[in-house]
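Q: I have this model open in front of me and would like a close look at one part, the paired charged side chains. Please start there, then show me how the rest of the chain fits around that theme.

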Amino acid sequence: MMQNVHLAPETDDDDLYSGYNDYNPTYDTEELENDTAFQQAVRTSHGRRPPITAKIPSTAVSRPVATGYGDGVTRPMTAVRAAGFTKGALRGSAFDPLGQSRGPAPPLEARSEDSPEEKIRQLEKKVNELVEESCIANSCGDLKLALEKAKDAGRKERVLVRQREQVTRPENINLDLTYSVLFNLASQYSANEMYAEALNTYQVIVKNKMFSNAGRLKVNMGNIYLKQRNYSKAIKFYRMALDQIPSVHKEMRIKIMQNIGVTFIKTGQYSDAISSFEHIMSMAPNLKAGFNLILSYFAIGDREKMKKSFQKLIAVPLEIDEDDKYISPSDDPHTNLVIEAIKNDHLRQMERERKAMAEKCIMTAAKLIAPVIETSFAVGYDWCVEVVKASQYVELANDLEINKAITYLRQKDFNQAVETLKMFEKKDSRVKSAAATNLSFLYYLENEFAQASSYADLAVNSDRYNPSALTNKGNTVFANGDYEKAAEFYKEALRNDCSCTEALYNIGLTYKKLNRLDEALDCFLKLHAILRNSAQVLYQIANVYELMEDPSQAMEWLMQLISVVPTDSRALSKLGGLYDSEGDKSQAFQYYYESYRYFPSNIEVIEWLGAYYIDTQFCEKAIQYFERASLIQPTQVKWQLMVASCFRRSGNYQKALDTYKDIHRKFPENVECLRFLVRLCTDIGLKEVQEYATKLKRLEKMKEIREQRIKSGRDSSGCPRGRRDGSAGGDSGQNCSAGSKGERLSAQLRALPGTDEPYESSSNKEPDASYVDPLGPQIERPKTAAKKRMDEDDFADEELGDDLLPE
């Protein structure tokens, strides 16, 4: 039953609400379970309540539900206007909570680009972009571009600050952006080695109190002073930075202390360096600090501390996963796929690099301290090996043993080196291969190619993918002359390790031997791309171009070689020879003279320089070169004869006579010297002429007897076998129809000088004291002086030699 319902439409809302407020029945909710009437009502009313209608009865109004809705108006689910219902809704209006019937929303107001705030935002965005571009350019290696971008960012940031000060208050300035711009600029200055500018920029940051934690940048300033070798200031700034870093940043403090220790080592203050590194090893041990501690104790010569420091270095934890982690425990394809994916990921590569660095530090430290910690280096190596075997680096023990053998090699103790290496023949394959490779190398150096080949085979069989073993095997085959097979071994070594420069160089030499010059040139050019300043590679490229008859390219590569090794006398003489073959005598003389300055004992260079001065009619300058040649080859009479001829040509007859007499005392059976003496004594009017004439006559008689013996010993072809005294007989040369002038000259140059003119001696004939000037006649030459002398007489050719007569 509904109570207190008043059918009074004229009553206002306040009276209605007051009526409701007056009706306030009291319910007892505690005894509902025992209320029989309530329980009966609950059981009978379930499912029988009439549905809520969408119509509001007009006859019974207890309370207005929503104002503005008349009879028959659909009652809304809610009376909130934001849901899309309005007071003016008509009967039958569609449900439109999103207000789509009102049409599209009006367009957004366009942002004004001329406003100061918008200009500041755009400029700030541009500064950030420039800083990012600068960092990217630095990471790509373009340091100049990175610096330009950083400078541009600095300029725009200053403009931004001025504009912001005009629009907003000073406290609204973006300090983070200013800090990043200045820090990036200082970093780029430092990367471009503009240290003064970098220090100034860092000072601007450090002195600005508005930048929090800016004092840490003093570490960077200390690094710059360290690069400038201003060690005192570097230590000062490192310590200032250390004071400003709280103790909670333990890792950063350790790194700064490590920098301080390294700086102390550079200044020779090893005690202070030891204090720093000892503190690091007690707080947070690491490989670099341990190695530097060993180095410091080595500098002061403390053996026991070196041992303890080495043990500390060995004990530094690597904190990397074992290789067993990457072995699949089951045949699950998904697990195998995951393990295969992480075998060579970035984390695994970082672990390998860390392990390689640890092994390098330990090996270097062991090689450093082994010779000094005990009475001998062998005992020291044995101690290091025992320590390493008891640590996590067990595999390094074998490498230390091999290093011990290499140390024996450096001390020229080959027997001990061989014995040490032979101990590894029964070890595992990797160590056996390394030892056998070194043994093969040793035997190859001693020209014991059979033993070298045997150990090379052992090394290859132990580890087929060892490029050094394959290279050594190719070397032994190369030494036996089997170039094709040697090339195959070198190719296999390159397939296993494309960076094996030894195999690439050797295969180039092999192709040269096989006359495959194009392939040889390709190998040496590839090697030149790897070893840009290798003198051997540059020489081989020049030599290949010379063999390919391309002198211009050969000269260009030799010029590059001289720029790398400007004191290489052989390269200079080679370049001089190429210019000489091209007809450029002045350039040839320049390089031959430079070669002579650096190595004055090269007989070929001395010959060329002497012939050059003779060719240019400066005989007095040629004397010093022929005198040096006579010192280098004292048994060759031709150099002393050339000296005497130069004295005579320059007008110093007395000096020439004394030189000939000295030659006669050293070579009393030389016919040419006696002829010169007879002629000079006759011209000057000396009494010794008869004595020299008698000796000349006796020697000519002996010469005649020898020639008769030669004639009697001719072979079936009719040509003479040669003369025992080394001088070529003219009549035998004329009677040999198959002989030529070039062949006679070659035979004469292999022997002592002698006349090439037909000469007959008899007891009734006076000795022939005539001679021909070995330097040639002093007349106008249609070609060159040396060339004309070759055409005129053989005596001059015999004195100068083929390589002394430039064409």
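A: With a relative accessibility of 42%, E488 counts as partly exposed, because that label covers values between the 20% limit for buried and the 50% limit for exposed. Please keep in mind that this is a predicted model. E488 forms a salt bridge with K491, and their closest N and O atoms are 4.0 Å apart. Both residues belong to helix α21, which covers residues 483-496, and the three places between them amount to about one turn of the helix. The partner, K491, is partly exposed as well, at a relative accessible area of 28%.

Now look at helix α23 (residues 517-530), where K526 and D522 are four residues apart, so about one helical turn separates them. Their side chains meet in a salt bridge with an N to O distance of 3.5 Å. K526 is partly exposed at 48%, and D522 is also partly exposed, at 38%.

For a third pair, go back along the sequence to helix α9. E251 and K255 both lie in that helix, residues 250-267, and again about one turn lies between them, as they are four residues apart. The salt bridge they form has its closest N and O atoms 3.9 Å apart. E251 has a relative accessibility of 58%, so E251 counts as exposed.

Not every bridge here stands as a pair: E484, R516 and E519 are linked in a network of salt bridges. Counted by the rule that a side-chain nitrogen of Lys or Arg comes within 4 Å of a carboxyl oxygen of Asp or Glu, the total is 22 salt bridges.

It helps to follow a few other acidic residues, too. E340 sits in helix α13 and is exposed, with a relative accessible area of 52%. Its C-alpha is 9.0 Å from that of I327, which is 13 residues away in sequence.

Two more glutamates are worth a look for their backbone. E193, in the loop between α5 (175-191) and α6 (195-207), has a positive phi of about 60° although it is not a glycine. E549, in the loop between α24 (535-547) and α25, likewise has a positive phi, near 60°. Why notice this? Most residues other than glycine have a negative phi. E193 is exposed at 59%, and E549 is exposed at 72%.

Following α25 (551-564) to its far end brings you to the loop before α26 (569-581), where V565 lies. V565 is partly exposed, at 27% relative accessibility. Its C-alpha atom is 9.6 Å from that of S534, with their positions 31 residues apart along the chain.

For the buried side of the story, turn to helix α14. This helix runs over residues 346-373, a total of 28, and reaches 40 Å from first to last C-alpha, close to the 40 Å expected. A kink of about 25° lies at K367, shortly before the proline P371. Charged residues appear among the buried ones here: R348 and E351 are listed, along with others including A358, I362, M363 and I373. Among the elements that cover the buried residues of α14 are α11 (287-300), α12 (303-314), α13 (333-342), α15 (377-389) and α16 (396-410).

The largest nonpolar core has 153 residues, of which F310, C384 and V388 touch the most other members. Helix α14 gives this core its largest share, nine residues. C384 shows how the parts meet: beyond its neighbours within four places in sequence, C384 contacts F310, A366, I369, A370, I373 and L400. Another core lies apart from that one, with 19 residues, including C673, L674, L680 and A693. In soluble globular proteins, nonpolar side chains tend to be buried together.

Finally, step back to the whole chain. There are 37 helices and zero strands, and buried residues make up 40% of the 807 residues. Of the contacts between residues at least 6 apart in sequence, 50% join residues at least 24 apart. The accessible surface comes to about 47600 Å², and carbon and sulfur atoms account for 50% of that area.

Definitions and conventions:
Residues are numbered from 1 along each chain as its sequence is written. This is a predicted model: local features need pLDDT of at least 70, side-chain atom pairs count only at pLDDT 80 or more; totals for chains, interfaces and linings use all residues. Side-chain values use heavy atoms; hydrogens and water are left out. Helices (H or I, at least four residues) and strands (E, at least two) are DSSP runs, numbered from the N terminus. Buried means under 20% relative accessible area, exposed over 50%, partly exposed in between (1.4 Å probe, protein chains only). The expected span of a helix is 1.5 Å times one less than its number of residues. The bend at a residue is the angle between axes fitted to the seven residues ending there and the seven starting there. Contact means heavy atoms within 4.5 Å. A nonpolar core is a set of buried Ala, Val, Leu, Ile, Met, Phe, Trp, Tyr and Cys residues joined through side-chain atoms within 4.5 Å. Accessible areas come from the Shrake-Rupley method with a 1.4 Å probe; for residues, only the protein chains shown count as cover.
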